[in-house]
Amino acid sequence: MAIWGKLFGGVAGFAVGGPMGAVLGAALGHAADNGSILETPVGGWTDRWGPRMNADPNGAATFVAAKLASVMGKRDQLYGLVMVVLCAKVAKCDGPVNRAEIDAFKRRFQIPVENASDVGRLFDQARQRVDDFESFAVELGRAFHDKPEMLEEALAVLFGIARADLGPDEALHPAEIRFLRRVHQAFGLGPGAWDRAESGGARPDVSEIDAYAVLGVARNATDTEVRAAWRVLVREHHPDAMTARGADEAALEAAAGRIAQINAAWDRVKRDRKL
């Protein structure tokens with residue numbers, strides 16, 4: 001069976017189940033293998049995937065598989081698929097893929113022997129082009145927006161592969177830096193995540209993630225939005241404002257604790273974002 005039949009069969013079959021999943025997987029796999037997946041649909045191509053992306057059968061097939069896994073909520077399949085694709089493309093973006101980069105990929109993912117051949121072919125097909133990687137990164141960022149630690153780990157893996165063929169004092173190629181910067185942006189991660197991934201550091205600790213919850217904003221909120229949220233909360237819980245609202249001594253004491261928590265959260269975000 002061709003690789004796309006297996007790939008789509010695995011995603012669609014697992015998500016849908018039964019004969020319908022098998023038929024869907026087979027149909028998508030056949031369309032990918034014979035190139036008809038690129039036939040212009042009714043209404044023309046959308047601006048998400050079309051002639052401007054210079055789409056090819058393999059690239060389009062992989063992207064459809066990623067979208068299918070995302071829409072059906074199969075995040076494990078999406079994560080695995082997109083990471084193989086991104087690893088292949090970051091390895092290729094500065095020139096031919098070398099043995100050190102391939103070995104680094106294998107070490108990080110521990111691919112089962114029975115799947116090694118198919119994953120290897122997917123890797124080889126994904127590295128044929130590198131100008132389409134952002135679409136995959138955006139899908140992964142959307143699917144794991146509530147799990148930034150998974151996205152940060154993915155970014156760290158990509159850094160590791162980019163560095164696999166470098167000496168201790170050698171710098172990344174400018175093409176690799178551009179690639180990683182755009183993935184970082186597509187993932188919606190903060191500056192702190194970039195610094196940790198670049199240095200091979202650990203995932204963000206819980207207090208950093210909780211800081212955004214304390215301030216009532218998303219991790220991808222702008223600096224202006226985070227600052228505004230902090231100011232609103234400080235004004236709301238300020239002792240003078242509480243007193244004006246007739247708060248008793250117990251409420252004022254609780255407000256003081258809340259103010260300390262709000263300011264600590266803001267300080268944490270400022271350190272992370274280098275504000």
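Let us start at a small landmark: helix H5 is followed by glutamine 110, whose phi is positive, near 45 degrees. Before walking back along that helix, please keep in mind that the model you are looking at is a predicted one.

At the other end of H5, look for asparagine 98. One of its side-chain oxygens comes to within 3.2 Å of the backbone nitrogen of alanine 100, at the start of the helix. Between these two ends, H5 covers residues 99-109, and Glu101, Ile102, Ala104 and Phe105 are buried there. Why can these four be placed on the same side of H5? They cover an arc of only 160 degrees around the axis, which puts them together on one side. It helps to recall that an α-helix has 3.6 residues a turn, so residues three or four places apart point the same way. Turn to the other side of H5 and you will find Arg99 and Arg107, which are exposed.

Now step back and take in the whole chain. It has 14 helices and zero strands, so if you follow the elements from the N terminus on, you will read α-α-α-α-α-α-α-α-α-α-α-α-α-α. Of the 275 residues in the chain, 41% count as buried. The accessible surface comes to about 14100 Å², and carbon and sulfur atoms account for 56% of that surface. Contacts tell you something about how the chain is put together: among those between residues at least 6 apart in sequence, 69% join residues at least 24 apart.

What about the cysteines? The structure holds zero disulfides. Cysteine 87 is buried, with a relative accessible area of 0%, and cysteine 93 is buried as well, at 17%.

Aromatic rings make a good next stop. A pair of such rings is described by the distance of the centres and the angle of the planes. How many aromatic pairs does the structure hold? There are five. One of them joins phenylalanine 159 and tryptophan 194 in an edge-to-face arrangement, with 5.0 Å from centre to centre and 70 degrees between the planes. Phenylalanine 159 belongs to helix H8 (residues 148-163) and tryptophan 194 to helix H10 (residues 191-199), so this pair ties together parts that are 35 residues apart in sequence. Both partners are out of sight: phenylalanine 159 is buried, with a relative accessible area of 1%, and tryptophan 194 is buried, with 4%.

A further pair is made by tryptophan 230 and tryptophan 266. Their rings are stacked, with 5.0 Å centre to centre and 15 degrees between the planes. Here helix H12 (residues 223-237) supplies tryptophan 230 and helix H14 (residues 249-273) supplies tryptophan 266, so the pair ties together parts that are 36 residues apart in sequence. Tryptophan 266 counts as buried, at 2% relative accessibility.

Helix H14 has one more residue worth a visit, alanine 255. Is alanine 255 buried or exposed? Its relative accessible area is 4%, so alanine 255 is buried. Which residues is alanine 255 in contact with, leaving aside its neighbours within four places in sequence? They are His237 and Met242. Finally, find proline 239, which lies 16 residues from alanine 255 along the chain. The C-alpha atoms of these two residues are separated by 7.0 Å.

How values were computed
Residues are numbered from 1 along each chain as its sequence is written. This is a predicted model: local features need pLDDT of at least 70, side-chain atom pairs count only at pLDDT 80 or more; totals for chains, interfaces and linings use all residues. Side-chain values use heavy atoms; hydrogens and water are left out. Buried means under 20% relative accessible area, exposed over 50%, partly exposed in between (1.4 Å probe, protein chains only). The arc is that of the directions from the helix axis to the C-beta atoms. A polar contact is a pair of N or O atoms within 3.5 Å; within protein, one must be able to donate a hydrogen and the other to accept it, and residues adjacent in sequence count only if both atoms are side-chain atoms. Contact means heavy atoms within 4.5 Å. Accessible areas come from the Shrake-Rupley method with a 1.4 Å probe; for residues, only the protein chains shown count as cover. A disulfide is a pair of cysteine sulfur atoms within 2.5 Å. Rings of Phe, Tyr and Trp (its six-membered ring) pair if their centres lie within 6.5 Å; planes under 30 degrees apart count as stacked, over 60 as edge-to-face and the rest as tilted.
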